[in-house]
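Okay everyone, thanks for coming. I'd like to walk you through two interfaces today, so let's get the picture up on the screen.

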Amino acid sequence: MEVFEEFPALGRKTLSTMKKVIDEAFKGFSREYGQALEDFFDPLLRFLVWFEKLLLATPWPIILLIVGVLAWLGSRSWKISLGSVLAFVAIGILGMWEDTMATLAIISVSTFLCILLGIPIGIFMARSDRAQSLITPVLDVMQTIPSFVYLIPVVMLLGIGKVPGLIAVCIYAIPPIVRLTNLGIRLVDKEVLEAADAFGASPRQKLIGVQVPLALPNIFAGINQTIMMALSMVVIASMIGVKGLGVPVLRAISNQYLALGLMNGLAIVALAIIFDRVSQSYGKRLQAYRKGHGHD
Amino acid sequence: MTDAKIRIKNLYKIFGKSPAKMLPLVKEGMTKTELLEKHNHVLGIQNVSLDIPEKRIQVVMGLSGSGKSTLIRHINRLIEPTGGEILIDGEDILAMDDKRLRQLRRTKTAMVFQKFGLLPHRKVKENVAYGLEIQGVEPVKCAERAQYWIERVGLGGYEDHYPGQLSGGMQQRVGLARALATDPEVLLMDEAFSALDPLIRFDMQSILLELQQELHKTIVFITHDLDEALRLGDNIAILRDGAMIQQGDAQEIVLRPADDYIADFTKDINRGKVIQLRSLATPNTGYQGETLSAGTKLEDALPILAQAPEQTIGVTQASGTLIGTVTLRDAISALRS
Ligand SMILES: Nc1ncnc2c1ncn2[C@@H]1O[C@H](COP(=O)(O)OP(=O)(O)OP(=O)(O)O)[C@@H](O)[C@H]1O
Ligand SMILES: [Mg+2]
């Protein structure tokens, strides 16, 4: 039987027209709304540029101080704080200060954006089973689809630059925060919620006073993962025009500069470790009350 | 009874996909087992009517699964009934909209839970202040009131602890303080002391009785423990399979159990501690000797009876009027049966 030897695919012609139609439609959409979208994202671009400039304009000792203080506030561990400062010193000595600041800027802004969008979406999902069943597959797709695939429409719409980079990073990095916010709220003890109900708490009072605080350790785990995923997008984002540590890595790949690639790669790792340790120990401190000991 | 604080009338609750369709079947007499087997619905409450008097402790008793929790959750409408009516102070709580219902829960009722239901992320003082905070009372006042109730339940010094750092008994004191802090008229207690070990449980009962002497709340107290029911209850209602099979005061339950199920329940208790002379007195107008008050427990009356002339003693009401006499023989046989 001949039919079984080769899959009865649509004809070459049909397929190519189909693809063409889709491409044309999207190009049309892009021509029509590209400008509007760019205008829409303009405030974001300005914020990102401003933040990057701020980081670069701030004298390095002050940045080191801020890094140390933030690490201390987050972790309350002098080891982590000192380690973070030393990592930044090493980065500076090895000449990667500017790229690191640029990366820091895009990571911070995209994390901020992910939190801003992700937590409300997570809350919404937790409140409605329907929303959950609709959003979960979308998150699955966002996490598994190869980043290069969604880079195409993003670039078609917005061109090359910081904003498309930011959007690409966010698409990749937002799922954990959404998922873990949803999970955290759903895991809140039913009995505690019933108690809140019995005392006449309104849905808002329950959300702010009970659900979110009790979900916070999970939400924090989500933020932590979001940051990690954003960092892992640094190189890909630099392919579409985002400055930072990814650019030298790309250069190193195309020119086979081993040392350059390694150094910048390790700088990304250093940032990741700092963010991870600080946010994890902050998350742990958040749930200190769960342990039965200590007096505060 | 006209002074009922809470009236429950012909309450039905069926759990499942389409409870309303099942209601007529249940009203026609389908049993809990049948309903579950044939229609896969659970009968939670069937035709329960109960008038809960003001400023008294109403105990609801029954074995596990008899519908106690379901019943008490109807009173503040944490559960919606399938049929029937619930009135608090004459107001139909089923007619209330969300806002009015929250108002009721904030100011008129408060609940104490078997597993405490404390907010683990809040300190003791913040837990106790929770109800007030929800009402929108200003923080300074919240703290003041919380402090007062923390001391009243004997937790002074633990204000800044988290619930997870306290023992079960202490956690339930927090639960009690939290409920009392809003000064509710109605206190709903669902097996509030069941998770505690016997000594602590006895302590908590004492605290509750002591507070009640001064506060005069209307308390609905759920328990599966007869001793607890007899100790606390001014009035006791007994549930089985969601139906109410008897209600009355402790003596009625002990002396005239409505059926074998209840008789079985009551057979092991110390009757001397429950039965009062009132229920044994036989009219005897000519009696002239020593008397005891009608509320005297058998346990306390026995030694006096044994010494009394002809082993007979008079029983008087609080007003002093004689209602009859009791003989040692009556007393002993009442202890047995
Ligand atoms: N949400 C629910 N869905 C289905 N069935 C329920 C639900 N809640 C309670 N039931 C059923 O209703 C009946 C009464 O339950 P309830 O929790 O009121 O019993 P209880 O007397 O409080 O028991 P316990 O002493 O174990 O607390 C049980 O058969 C239970 O399985
Ligand atoms: Mg129960």
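Let's start inside chain B, where six residues of domain 1 are in contact with five residues of domain 2, contact being heavy atoms within 4.5 Å. Before I go on, some housekeeping: this is a predicted model, where local features need pLDDT of at least 70, side-chain atom pairs count only at pLDDT 80 or more, and totals for chains, interfaces and linings use all residues. Residues are numbered from 1 along each chain as its sequence is written, chains are lettered from A and ligands numbered from 1 in the order in which they are written, and side-chain values use heavy atoms, with hydrogens and water left out.

So where are those domains? In chain B, domain 1 covers 54-77 + 96-108 + 184-269, and domain 2 covers 273-336; the bounds come from an automatic or database domain assignment. Their C-alpha centres sit 30 Å apart.

Between them, domain 1 and domain 2 of chain B bury about 450 Å², with 73% of that on carbon and sulfur atoms. Buried area here is the accessible area (1.4 Å probe) that two parts lose on being put together, summed over both. On the domain 1 side, B:Gln251, B:Val254 and B:Leu255 lose the most area to domain 2, together 82% of what that side buries.

How many salt bridges are there between these two domains of chain B? Zero, counting a side-chain nitrogen of Lys or Arg within 4 Å of a carboxyl oxygen of Asp or Glu.

Now over to the other interface, chain B against chain A. Here 27 residues of chain B are in contact with 24 residues of chain A. The two chains bury about 2200 Å² between them, and carbon and sulfur atoms give 61% of it. In chain B, the residues losing the most area to chain A are B:His121, B:Tyr130 and B:Gln165, together 24% of what that side buries.

And salt bridges? The count between chain B and chain A is two. If you want one to look at, find A:Glu191 and B:Lys115, whose side chains meet in a salt bridge at 3.6 Å, N to O.

Finally, what kinds of residues does chain B put against chain A? That side divides into 11 nonpolar, seven polar and nine charged. For that split, Ala, Val, Leu, Ile, Met, Phe, Trp, Tyr, Cys and Pro count as nonpolar, Asp, Glu, Lys and Arg as charged, and the others, Gly among them, as polar.
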